[in-house]
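Here is my note on the model, point by point. Please keep the structure open as you read.

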Amino acid sequence: MPASPPAVQLRDIRVDFGARAALRDVTLDLYADAVTVVAGPNGAGKSTLLEVVAGTRVPTRGSRSTRGTTAFVPQRAGVSDLLPITVHDVVAVGTWGRLGAWRRADAAARAAVDEALHRLGIADLRRRPYVALSGGQRQRALLAQGVVARADLLLLDEPTTGLDATSGARIRAVMAEEAARGAAVVCVSHDPAVLAAADRVVTLADGEVAGDTLAAGVVAPALRKTAR
Ligand SMILES: Nc1ncnc2c1ncn2[C@@H]1O[C@H](COP(=O)(O)OP(=O)(O)OP(=O)(O)O)[C@@H](O)[C@H]1O
């Protein structure tokens, strides 16, 4: 059986900020059906790499190609305290890509929002203002928004930072479920539990790929599991 083509192909990526290179010579293929964690010390270039993968940062040099749709789960959403947006509203934004110009929620969209709220354990918070949530609850809501998009590529920036064990475990479980339904899940993280649960860990150091490790039972190049 031919190997699946990569969900993301990066070739010789360089990103300069003034005289400083945040990324240098980064060539990387990222695959569906897997959770890939991007690790490395502060300032190594992890967030910059995620932005390049997302298409929100144009590299100084190099090429990027992706297959399918992308959902990005930010570490924090810049929601004003004055904006009366509920948890349900935040999650429903994830369905907009599939709805028509008027973004009128159909039954499928409503069901998808309900399911995501339950999977992230925040169904009881749906009517609460987003700004009234704790950090961990907000992070769950942002992941629920990413999940309802059912994107081919799910990108997450430090989704478990500062969260308690229960929230962290829930977020790791949902990331694994998204990979199991066929998404390429790419997550920047320092969290040892997220690293331990990854199918693949790409380590950056000073803007370069310094390590690339597959978990036991994960087969390169298409990262198909021998057993999940
Ligand atoms: N907008 C910017 N302007 C100038 N320099 C930047 C900018 N964004 C990032 N950098 C620099 O690029 C380098 C990589 O930053 P990046 O945020 O990608 O690192 P990181 O690995 O995500 O770090 P952390 O673990 O601290 O989040 C750092 O030296 C940083 O100071």
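1. Start with V202. Its opposite number in β9 is D212. The two strands here are β8 (residues 200-205) and β9 (residues 208-214), and they run antiparallel, joined by six bridges. Look also at A205, whose bridge partner in β9 is E208. Keep in mind that this is a predicted model.

2. Now follow the turn. Two residues lie between the strands of the β8 and β9 hairpin. D206 sits in this loop. D206 is not a glycine, yet its phi is positive, about 50°. Most residues other than glycine have a negative phi. Is D206 buried or partly exposed? D206 counts as partly exposed because it has 14 C-beta neighbours inside 10 Å, and a buried residue needs 20 or more.

3. β8 has another partner. It pairs with β3 in the parallel sense, over four bridges. One pairing to find on screen is T36 with R200, which lies in β8. So trace β8 both ways: β3 is parallel to it, while β9 is antiparallel.

4. D25 deserves a look too. It lies in strand β2. Its phi is near 50°, a positive value in a residue other than glycine. D25 has 14 C-beta neighbours inside 10 Å, so it counts as partly exposed.

5. Next comes D33, in the loop between β2 and β3. Why is D33 classed as buried? Because 20 other C-beta atoms lie within 10 Å of it, and 20 is enough to meet the cut-off. Then compare D33 with G43. They are 10 residues apart in sequence, and their C-alpha atoms are 28 Å apart in space.

6. G43 brings us to the ligand. G43 is one of the residues around it, and F17, R20, A22, G40 and N42 are also among them. The list goes on with A44, G45, K46, S47 and T48. Two elements give two or more residues to this shell: β2 (20-30) and α1 (46-54). Which of the elements gives the largest share? That is α1, with three residues. By class, the shell has three nonpolar, six polar and two charged residues.

7. Turn to α4. This helix has 14 residues. It reaches 20 Å from its first C-alpha to its last, close to the 20 Å expected. How many of its residues are buried? The count is 11 of 14, so the helix is mostly covered, as 20 or more C-beta atoms within 10 Å make a residue buried. The buried set includes R138, Q139 and R140, along with L142, L143, V147 and V148. What covers them includes β5 (70-73), α2 (87-92), α3, β6 and α5. After the helix comes R150, with a positive phi near 45°.

8. α5 (residues 165-180) makes a good companion to study. It has 16 residues and reaches 22 Å from first C-alpha to last, close to the 22 Å expected. Its buried residues are S167, R170, I171, R172, V174, M175, E178 and A179. These pack against β3 (34-39), α3 (107-119) and α4 (135-148), among others. The list of packing elements also includes β6 (153-157), β7 (184-188) and α6 (192-197). Just after α5, G182 has a positive phi of about 115°.

9. Now step back to the whole protein. Its secondary structure comes to six helices and 11 strands. There are 228 residues, and 42% of them are buried. Take the contacts with a separation of 6 or more: 71% of them join residues 24 or more positions apart.

10. Finish with the confidence values. The mean pLDDT of the protein is 89. A value of 70 or more is reached by 88% of its residues. For the complex, the predictor gives an ipTM of 0.97 and a pTM of 0.90.

Conventions. Residues are numbered from 1 along each chain as its sequence is written. This is a predicted model: local features need pLDDT of at least 70, side-chain atom pairs count only at pLDDT 80 or more; totals for chains, interfaces and linings use all residues. The expected span of a helix is 1.5 Å times one less than its number of residues. A residue is buried if 20 or more other C-beta atoms lie within 10 Å of its own, exposed if 12 or fewer, and partly exposed in between; C-beta atoms are placed from the backbone. Two residues are in contact if their C-beta atoms, placed from the backbone, lie within 7 Å. pLDDT is the predictor's confidence in each residue, from 0 to 100. Two strands pair if DSSP finds at least two bridges between them. A residue is near a molecule or strand if its C-beta atom, placed from the backbone, lies within 6 Å of it. Ala, Val, Leu, Ile, Met, Phe, Trp, Tyr, Cys and Pro count as nonpolar, Asp, Glu, Lys and Arg as charged, and the others, Gly among them, as polar.
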